[in-house]
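Thanks, everyone. I would like to take a few minutes on one strand and its neighbours, and then turn to a charged patch on the surface.

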Amino acid sequence: RESDHRAWTPVSYTVTRQNATVQGLTEGKAYFFRIAAENIIGMGPFTETTKEIVIRDPITVPDRPEDLEVKAVTKNSVTLTWNPPKYNGGSDITMYVLESRLIGKEKFHRVTKEKMLDRKYTVEGLKEGDTYEYRVSACNIVGQGKPSFCTKPITCRDEIAPPSLDLDFRDKLIVRVGEAFSLTGRYSGKPAPKVTWLKDDIVVKEDDRTKIKTSPTTLCLGILKSVREDSGKYCVSVENSTGSRKGFCQVNVVDRPSPPVGPVIFDEVHKDHMVVSWKPPLDDGGSEITNYIIEKKDAHRDLWMPVTSATVKTTCKIPKLLEGKEYQIRIYAENLYGISDPLISDEMKAKDRFRVPDAPEQPIIKDVTKDSAVVVWNKPYDGGKPITNYIVEKKETMATRWVRVTKDPIFPSTQFKVPDLLEGCQYEFRVSAENEIGVGDPSPPSKPIFARDPIAKPSPPVNPEAVDKTKNSVDLSWLPPRHDGNGKIIGYLVEYQKVGDEEWKKANLTADSCPETKYKVTGLSEGLTYKFRVKAVNAAGESEPAYVPDPVEVKDRLEPPELILDANMAREQHVKAGDTLRLSAIIKGVPFPKVSWKKEDHEVSPKADIEVTGVGSKLEIRNTVHEDGGIYSLTVQNPAGSKTVSVKVVVLDKPGPPRNLQVSEVRSDSCYLTWMEPEDDGGSVITNYVVERKDVAAAQWVAISSSSKKRSHMAKYLIEGTQYLFRVAAENQYGRGPYVETIKPIKAIDPLHPPGPPKNLHHVDVDKTEVSLAWNRPDRDGGADITGYLVEYQEDGADEWTKFQTVPMLDCVVTGL
């Protein structure tokens, strides 16, 4: 029925299923429905819908939203937009749900917590460098629809675009001094690039003449009233985080040149011409010098006369001069942009002024050897022209002809080593100077010299001193002489003098018997005081003596023993069995101490190698065994005292055998083993015990426990009646020690007890001297078969029982009564 009517309208009378389709309803109207069951007896009561039902098409969730796009990305945010779904499911969209997934994770997480109907959203608070993908779903009254297709993975970073640069200037720009110029251009990039202007790699700063203007898209550098110093390579750099672009312009601010650099040099002066030279201007004005303009004038007149205006060289010949008159020269430099101020020379008289050099003074001869000599002279007056060469000549004193010593030029040095002299000959030398005019007169001859190696006595030895002494000797040491007299030091002579005596005695007769800078003087008398001196000797003879500063008293020098321990002499030294034990120390003392090694106050093992040197001692034991451990002591002793050091040596080895192996509680299938720890644990904690058993008839031992730390073990699973041997060994980190074994086999049987008493003892017959007895078996046999019965009798009133005999059966006739 319609909700606003009271009458019910039948729908079907033939429905046998539990559902039915109601047709012919009007969209938008509300209805109630009821249903009743019917059988052959009749129809039952109706069941009615609880609330009205409005007729309309079925509502579903919306389709997926369309065109999900990323509009902007920064380092910590992403902006997204989308379009609504094509079909809203039959109900208005109530909100959108935006979700994101961090790349590398599995699940999407909802981004928006609030209700959102806008189709644009900015996700903020992201971590720079993380990569996400996004999807969006639409919701209506029914629920949330399918999500849109995911975006591509988006990495959070600022939007970037590499810089671009568009310049309005060329690679080169020429500007006249005083003019202004500007360098302009356009640029772009994301993030906004930084603009930097450089000139010759130095940042350009603004001042009164330099202006820099930069807008978000344009750049400009302007310079007013340019000067020569504004020339250079200009660079504009446009840089952001993605890269940089640079533009360059070589600006040349040009001007007329500066004057040529003076002074004007008169290279040649003659009676009718001169040759002058100068240096180029310090500043060519930014353009090559095209020519120099040279003019001359009489020093006593004001009229300048042109010489030439078409030379690019910095030298010029000034012709047509009148002898004896004084002249001045002026020089201009010219380039494309003008003529410089002039350079004016000093006054110079036109006359010949050059000649050959003067004769040098008498040369000096030095460093003479058997085949060479060095000739030294002073530079003479050069005659107005630079000296270009010296000529050195030699002649034997008795000869008449001078001979040049070399054809090669000798200049600018004023000394020369003359080679190829004949040993023993006497020579003289002279020198001439030469310039471009010619060769001057020779010098006076040098003093004559003989060609032979010079040799002199050496200087005395340096710093002689007594470095050691005994009761009959003194050790001396010194340094070589500062000068060997140009001869090899053959050796040294050592002399000594008893204090109070005048005579010096030789300790060595010849110098070659003491070639080194030390000597032991022996044969001295104990308790006396001596002075010492040393001479150096070469082929020319003996040097002056050098004296030991203080007299020396001859006696033994005493120094108590001193031990400097090596690392292996620490308080405790561990060494693995089989390795080599090394103990060593450096020993000092005068006289050298007596060395003795002990172990536990006894002599060390004969297998120990003991080495004693002049500086120390070493004890070495190869293939160490556990018995080599103990306290080792090193004692050093001399008359000044003694010193002892000790070191505990632990030889790390396998442990010894366990002690006192006992077997108890023997049963038919088990027994209990106990033992004590080994006397020697090998220097390391015992980690476990190994227990093994062996059937007496078997060849192999079988492990029954290998990890127990206890000193007892229950041996189980024995076979009754079998005889077993047991053994135990201890283990530490260096291995397994020897086994201790049970002395005799153990039989796996339950323990035996005495049997119970026989039962029902009675007599069956009696005679005058004998009795027949009978009895029954006892209740318990004690764990073993009964082997017999002991029969005893006692006379009435007596204290002791008398043994008769042991019988195997349950009866016996006692006789002899």
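**A strand and its two partners**

Strand β23 is joined to strand β24, residues 305–311, by four bridges, and the two run antiparallel. Please keep in mind throughout that what you see is a predicted model. The connection between these two strands is a hairpin, with six residues lying between β23 and β24. β23 also pairs with strand β26, which covers residues 326–335, and here there are eight bridges, again in an antiparallel arrangement.

If you want one residue to hold on to, take K296, which stands opposite M305 in β24 and also stands opposite I329 in β26.

Now, how many of the residues of β23 are buried? The strand spans residues 291–298, and eight of its eight residues are buried. In a regular strand the side chains alternate between the two faces of the sheet. For β23 both faces are covered, with N291, I293, E295 and K297 buried on one side, and Y292, I294, K296 and D298 buried on the other.

Let me move on to the surface, where D371, D420, E423 and D453 together form a negative patch. Of these, D420 sits in the loop that runs between β34, residues 415–418, and β35, residues 426–434. Is D420 buried or exposed? Its relative accessibility is 64%, and because exposed means over 50%, D420 counts as exposed.

So those are the two places I wanted to show you, and I am happy to go back to either of them.

Conventions:
Residues numbered from 1 in each chain as written. Predicted model: local features only at pLDDT ≥ 70, side-chain atom pairs only at ≥ 80, totals over all residues. Heavy atoms only, no water. Patch = residues over 30% accessible without salt bridge, like charges linked within 9 Å, V, L, I, M, F, W, Y side chains within 5 Å. Areas by Shrake-Rupley, 256 points an atom, 1.4 Å probe, with all protein chains shown as cover. Salt bridge = Lys/Arg side-chain N within 4 Å of Asp/Glu carboxyl O. Lys, Arg positive; Asp, Glu negative; His and termini not counted. Charge placed at Lys NZ, Arg CZ, Asp CG, Glu CD. Buried < 20%, exposed > 50% of the residue type's maximum accessible area, 1.4 Å probe, protein only. Pairing = 2+ DSSP bridges.
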